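User: I would like to go through the reasoning behind some of the labels attached to this structure. Please set each value against its cut-off before concluding.

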Amino acid sequence: MKVLIVDDEEMIRAVLREYVEFEGGEAEEACDGMEAVKLCRENDYDVVLMDVMMPRLDGFSAVKEIRKFKQTPVIMLSARGEEYDKLFGFEIGSDDYVTKPFSPKEVMARIHAVVKRAAAGTERKNAEVMEFEGLKIDMAGRNVYVDGVKAELTPKEYELLFYFVQNEGVALTRERLLNKVWGYDFYGDDRTVDTHVKMLRGNLKEYRKFIVTLRGLGYKFEA
């Protein structure tokens, strides 16, 4: 496991590095967002620990830049625990958010969870057929079966469901769903997402339970 630790406080970097290496991982450090972006361009990491408040380039801006060329899992670290900051962090593509002061053990647990989820997601994306209890999804054939019966989904419902399962366990904002499923040039609002999720849930019947509503944020596919 290779981890990039990005924080302008040397002591925090040192503590996190010690825990990563204690568990057999490899750690590299960056003291600001600019350096983090440069390192992510040059290297591949299993996860990035990204502080929010840093000189030169803040953590949010750094994640936006990194997302332009890599989908490396990112855990935000911040002394600010406001809901807006957390929502914004998820909106720009971070995978988790930890509020300072934190326990290094908690951070390590979150690292393992995010890395495991990312690996499972890659495996899902490479699979032609995915099954979640009685819900069967044929990615190549664009077919969905509910307890053996083919579900009649609209093209957009297919795309929405496929995006959900490819990002299993990831908190997805309505804006992110609009951007990824409908496209950046789509003219619409949050109600578009909510309406399609409602229709999709109806077609999935009892397996609607896998699409979890995140109050004030969006949705998450959790099987």
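User: Which residue is the bridge partner of I5 in β3?

Analyst: The model is a predicted one, and in it I5 is bridged to L49 of β3.

User: What makes β1 and β3 paired strands?

Analyst: Pairing requires at least two bridges between two strands. Strand β1, residues 2-6, and strand β3, residues 47-51, share 4 bridges in the parallel sense, so the requirement of at least two is met and they count as paired.

User: In what order do the strands of the sheet follow one another, and why are β2 and β5 said to stand at the edges?

Analyst: The open sheet has 5 strands in the order β2-β1-β3-β4-β5, with parallel pairing. Strands β2 (26-30) and β5 (96-99) each have a single partner strand, so one side of each is left without a neighbour in the sheet, and that is why they are edge strands. From one strand to the next, the twist averages 20°.

User: Which strands does helix α1 touch, and which does helix α2 lie across?

Analyst: Helix α1, residues 10-22, packs on the sheet and touches β1, β2, β3 and β4 (74-78), its direction making about 165° with that of β2. Helix α2, residues 33-42, lies across β1, β2 and β3 and runs at about 135° to β2.

User: Why is R67 called buried, and where is its place?

Analyst: Buried means under 20% relative accessible area; R67 has 15% relative accessibility, so R67 counts as buried. Its place is in the loop between α3 (59-66) and β4. Leaving aside residues up to four places away in sequence, R67 touches T72, P73, V74, I92, G93 and D95. In addition, a polar atom of the R67 side chain lies 3.3 Å from the backbone oxygen of K70, a distance that falls within the 3.5 Å limit for a polar contact.

User: How do you know that C31 is in no disulfide?

Analyst: The search of the whole structure finds 0 disulfides. For C31, the nearest cysteine sulfur is that of C40, 14 Å away, whereas a disulfide needs two cysteine sulfur atoms within 2.5 Å; therefore C31 and C40 do not qualify as a disulfide.

User: What makes C31 partly exposed and C40 buried?

Analyst: Partly exposed lies between the 20% bound for buried and the 50% bound for exposed. At 35% relative accessibility, C31 therefore counts as partly exposed, while C40, at 1%, counts as buried because its value is under 20%.

Conventions:
Residues numbered from 1 in each chain as written. Predicted model: local features only at pLDDT ≥ 70, side-chain atom pairs only at ≥ 80, totals over all residues. Heavy atoms only, no water. Axes fitted to C-alpha atoms, helices over the stretch in contact; angles between N-to-C directions. Contact = heavy atoms within 4.5 Å. Buried < 20%, exposed > 50% of the residue type's maximum accessible area, 1.4 Å probe, protein only. Polar contact = N/O pair within 3.5 Å; in protein donor to acceptor, adjacent residues only side chain to side chain.
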